[in-house]
Amino acid sequence: MTDPLRPYRQLARNNILANRRLATAIAALQPGEWHAPRTGFFPSLCATLNHIYSVDLFYIDALHGGTIGLQAFVNRVPYPDPDALAAAQNAMDLRILTFVTGLGPDELARPVHIHRDARVQTETRADTLMHLFLHSQHHRGQAHAMLAGTSTTPPQLDEFFMADDARFRTQDLALIGWTEADLT
């Protein structure tokens, strides 16, 4: 591979596209389904998707050299309204993409200081980004399973990497003004 940042750009774009598909499905829920108790690590769709947002905030702050630390989790549900959360998550996803696209290949090994409760954890940018993306995918999968118990059909969330899947993502890309060339 000649471009070590390509996988990170792909994952950042996947975050945007998958979160938008998930937000569209959430917007179609019947009254009460957003907050209804569900089986999962978090007890509802609302709690699960707010957790993704809070963790993204925690790590993007650290990647930018911030010290917000565990304050990112003081309010466990910063966005109880699904539309407000979708807007905040989209802004966060764009912030992550902007960070990744602004990196040079030599910057992946730079340290990130992650402020924990009583310590500062040090990781590389590469490992921090990979953890951020995998964390989001993990909990999106849980939300996807939770949606199976609602009035809304869970959306396909994994059609954003393979060239052969281009026909399935055309509408998603058009909605945000991207083309296939933007996915490289």
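The legends below walk through an overall view and several close-ups of one predicted model. Residues are numbered from 1 along each chain as its sequence is written, and side-chain values use heavy atoms, with hydrogens and water left out. Because the model is predicted, local features need pLDDT of at least 70 and side-chain atom pairs count only at pLDDT 80 or more, while totals for chains, interfaces and linings use all residues.

**View 1. The whole protein, with five helices and two strands.** Helices (H or I, at least four residues) and strands (E, at least two) are DSSP runs, numbered from the N terminus. Along the sequence they follow the pattern α-α-α-β-β-α-α. The radius of gyration, taken over C-alpha atoms, is 17 Å, close to the 16 Å that the globule rule gives for 184 residues, so the protein is as compact as a globular protein of that length. That rule is 2.2 Å times the number of residues to the power 0.38. Along the principal axes, the C-alpha atoms fill a box of roughly 45 × 45 × 25 Å. Of the 184 residues, 50% count as buried (under 20% relative accessible area; exposed is over 50%, and partly exposed lies in between, with a 1.4 Å probe and protein chains only). Among contacts (heavy atoms within 4.5 Å) with a separation of 6 or more, 70% come from residues 24 or more positions apart.

**View 2. Helix 1, residues 6–27.** Here is a helix of 22 residues that reaches 31 Å from its first C-alpha to its last, close to the 32 Å expected at 1.5 Å a residue. The expected span is 1.5 Å times one less than the number of residues. Helix 1 is mostly covered, with 16 of its 22 residues buried.

**View 3. Tyr53 and Tyr79, one pair of aromatic rings.** The whole structure holds four aromatic pairs; rings of Phe, Tyr and Trp (its six-membered ring) pair if their centres lie within 6.5 Å, and planes under 30 degrees apart count as stacked, over 60 as edge-to-face and the rest as tilted. The ring centres of Tyr53 and Tyr79 are 5.2 Å apart and their planes stand at 85 degrees, so this pair is edge-to-face. Tyr53 belongs to helix 2 (residues 45–63) and Tyr79 to the loop between helix 2 and helix 3 (82–101), so the pair ties together parts that are 26 residues apart in sequence. Tyr53 is buried, at a relative accessible area of 11%, whereas Tyr79 is partly exposed, at 25%.

**View 4. The surroundings of Tyr53 in helix 2.** Leaving out residues up to four places away in sequence, Tyr53 touches Pro78, Tyr79, Leu85, Ala88, Gln89 and Met92. Tyr53 and Arg76 are 23 residues apart in sequence, and their C-alpha atoms are 9.9 Å apart in space.

**View 5. An aromatic cluster of Phe58, Tyr59 and Phe73.** The rings of Phe58 and Tyr59 have centres 4.8 Å apart and planes at 80 degrees, so they too pair edge-to-face. Both Phe58 and Tyr59 are buried.

**View 6. His135 in helix 4, residues 125–147.** His135 is buried, with a relative accessible area of 12%. Its side chain makes a polar contact with the side chain of His51 at 2.9 Å. Such a contact is a pair of N or O atoms within 3.5 Å; within protein, one must be able to donate a hydrogen and the other to accept it, and residues adjacent in sequence count only if both atoms are side-chain atoms. Not counting residues up to four places away in sequence, His135 touches His51, Ile52 and Val55.
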